[in-house]
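Biologist: I'd like to learn how to read a structure feature by feature. Please take me through this one.

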Amino acid sequence: MSLAIGAALLAASAANAAQVEVLHYWTSGGEAKSAQVLKQMLEQKGHTWVDFAVAGGAGANAMTALKTRVISGNPPAAAQIKGPAIQEWGDEGVLLSIDDVAKRENWDKLLPPEIASIMKYKGEYVGAPVNVHRVNWLWINADALKKVNAQPPSTWDDFFKVADALQKAGITPVAIGGQSWQQAEMFETVALGVGGAEFYRKAFVQLDQATLKGPTMVKALETFRKIKPYTDKGQTGRDWNMATGMVISGKAGMQFMGDWAKGEFSVANKVPGKDYLCVPGPGSRNAYTFNVDSFVFFKVKTPGVEKGQKDLASLLLSPQFQEVFNLNKGSIPVRQGMDLSKFDACAQKSEADFKSAGAKGTLVPSWAHDMIDKPSVEGAFYDVIGKFWNDDSETAQEAANKLAVAAKTD
Ligand code: BGC
């Protein structure tokens with residue numbers, strides 16, 4: 001290539017290059033590796049990634065940081081937002097439509113309809129999904145289980161037997177971090193396992209008052225509380241990935257966590273089926289709580305950024321990104337029809353269970369991970385569950401009554 005043509009090409013690509021600031025909360029080992037994939041692929045398109053990472057599992061800190069930036073009139077180009085919060089940002093009039101990209105690339109055909117509708121505001125795509133995380137998983141250290149001569153539990157009775165045995169063997173049975181979203185997530189999985197998908201849907205999707213304070217909810221809360229003596233004293237403020245680290249090292253036997261936990265096992269070079277096991281939470285084998293990460297794009301004043309935003313949107317749904325990103329993240333591709341032969345046994349199971357739960361009507365969104373309720377209701381649920389976990393004097397019926405009140409939060 002002649003020097004002149006080279007220089008002209010460079011100038012052309014520089015003219016199309018944008019600085020794309022991306023807000024996300026992927027800062028643990030496995031998460032950061034996944035975010036890195038995104039950064040590299042965006043940079044291959046000639047744009048510059050401006051990292052706006054805000055640590056804090058499940059993203060509450062990131063959402064606070066985002067509000068401050070939007071209110072001051074200086075939003076990032078893209079932000080990791082999901083569920084009904086996308087509609088709330090749409091109502092503020094600050095989101096960029098990416099419907100032209102979606103139409104060109106036929107997203108309506110590539111995405112399950114339940115997920116496509118979450119990404120649209122007033123009929124136009126404003127969000128791009130990247131994955132499907134399953135939340136109702138139990139992660140188990142295989143050696144710890146062998147040590148107590150037990151099988152992975154599939155019922156609550158078995159679960160408490162295994163927990164007893166681990167405790168006797170000097171292993172913390174259940175790893176958890178004392179943060180309200182982790183408590184809420186564990187409770188969500190317990191409630192699904194105790195009450196089933198129909199109960200779950202009535203309580204958390206329909207916010208049915210009688211179900212929220214009824215006997216099945218009370219039983220779920222009692223089961224949740226029964227787990228507490230099997231957790232350790234050092235849990236206050238612990239991050240979720242530190243809790244996963246306890247299972248990886250064998251200090252703890254089990255953890256209830258979505259499959260972003262698998263990203264941590266992978267970074268530690270652990271192999272599913274050999275070093276650790278992934279099984280659905282007790283009682284929830286036939287059901288599936290889903291959590292879809294997505295990015296939305298904000299209208300920004302700087303000229304040229306829109307090109308970068310749209311290139312990013314297109315990249316997120318591309319087969320190559322969907323594969324590499326999800327291999328690192330622990331989730332499965334949200335793009336339908338992908339070949340999963342490079343994925344491990346946990347991901348293959350997730351995919352098969354996602355499909356069969358969809359067919360059986362037991363596929364439900366995760367409320368603890370922003371997928372159902374308005375952020376205000378979700379926050380009120382977090383508070384009720386956190387208080388109940390921390391205060392042994394509160395009865396399960398009292399907490400259930402509070403859930404019913406919390407469901408009415410504006
Ligand atoms: C997100 C995951 C993330 C996890 C822990 C969830 O709400 O969907 O992508 O890894 O929180 O931060």
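Biologist: Let's start with one side chain: is lysine 310 buried or exposed?

Modeller: Read that from relative accessible area: under 20% is buried, over 50% is exposed and anything in between is partly exposed, using a 1.4 Å probe and protein chains only. Lysine 310 has a relative accessible area of 16%, so it is buried. Before we go on, this is a predicted model, where local features need pLDDT of at least 70 and side-chain atom pairs count only at pLDDT 80 or more, while totals for chains, interfaces and linings use all residues. Residues are numbered from 1 along each chain as its sequence is written, and side-chain values use heavy atoms, with hydrogens and water left out.

Biologist: Which residue does lysine 310 meet in a salt bridge?

Modeller: The criterion is a side-chain nitrogen of Lys or Arg within 4 Å of a carboxyl oxygen of Asp or Glu. Here the partner is aspartate 100, with an N to O distance of 3.0 Å. This pair links distant parts of the chain, since aspartate 100 sits in helix 5 and lysine 310 in helix 15 (residues 305-317), 210 residues apart. Helix and strand names come from DSSP runs numbered from the N terminus: H or I with at least four residues for helices, E with at least two for strands. Aspartate 100 is partly exposed, at 42% relative accessibility.

Biologist: How many salt bridges are there in the whole structure?

Modeller: A search finds 22. One of them joins lysine 103 to aspartate 99, and the closest N and O atoms of that pair are 2.6 Å apart. They sit 4 residues apart in helix 5 (residues 99-104), which means about one helical turn separates them. The two ends have opposite labels: lysine 103 is exposed at 61% relative accessible area, and aspartate 99 is buried at 9%.

Biologist: What about aspartate 344: which residue is its salt-bridge partner?

Modeller: That's lysine 262, with the closest N and O atoms 3.0 Å apart. Aspartate 344 is in the loop between strand 14 (332-333) and helix 17, while lysine 262 belongs to helix 14 (residues 261-267), so the pair ties together parts 82 residues apart in sequence. Lysine 262 is buried, with 3% relative accessibility, and aspartate 344 is partly exposed at 24%.

Biologist: How many disulfides are there?

Modeller: A disulfide is a covalent bond between the sulfur atoms of two cysteines. The cut-off is a pair of cysteine sulfur atoms within 2.5 Å, and the count comes to 1. The bond is between cysteine 278 and cysteine 346, with the sulfur atoms 2.2 Å apart. The S-S torsion is about -105°, so this disulfide is left-handed. Cysteine 278 lies in strand 11 (residues 276-280) and cysteine 346 in helix 17 (residues 345-360), so the bond ties together parts that are 68 residues apart in sequence. Both cysteine 278 and cysteine 346 are buried.

Biologist: Now helix packing: at what angle do helix 18 and helix 19 pack?

Modeller: Two packed helices are described by the angle between their axes and the distance between the axes. Axes are lines fitted to C-alpha atoms, for helices over the stretch in contact, and angles run from 0 to 180 degrees between N-to-C directions. Helix 18 (residues 375-390) and helix 19 (residues 396-406) pack at about 170°, with their axes 9 Å apart. They are therefore roughly antiparallel; the bins are under 35 degrees for roughly parallel, over 145 for roughly antiparallel, 65 to 115 for roughly perpendicular, and oblique for the rest.

Biologist: Which residues of helix 18 and helix 19 meet?

Modeller: With contact taken as heavy atoms within 4.5 Å, helix 18 contributes residues including Val377, Phe381 and Phe388, and helix 19 residues including Ala399, Lys402 and Leu403. By class, the contact has 10 nonpolar, no polar and 2 charged residues. Here Ala, Val, Leu, Ile, Met, Phe, Trp, Tyr, Cys and Pro count as nonpolar, Asp, Glu, Lys and Arg as charged, and the others, Gly among them, as polar. Also, Lys387, Asp391, Glu394 and Lys402 are linked in a network of salt bridges.

Biologist: One backbone check: what is phi of lysine 122?

Modeller: Near 45°, a positive value in a residue other than glycine. Lysine 122 is in the loop between strand 4 (120-121) and strand 5 (124-125), and is exposed at 72% relative accessibility. Asparagine 269 also has a positive phi, about 60°, without being a glycine. Its place is the loop between helix 14 and strand 11.
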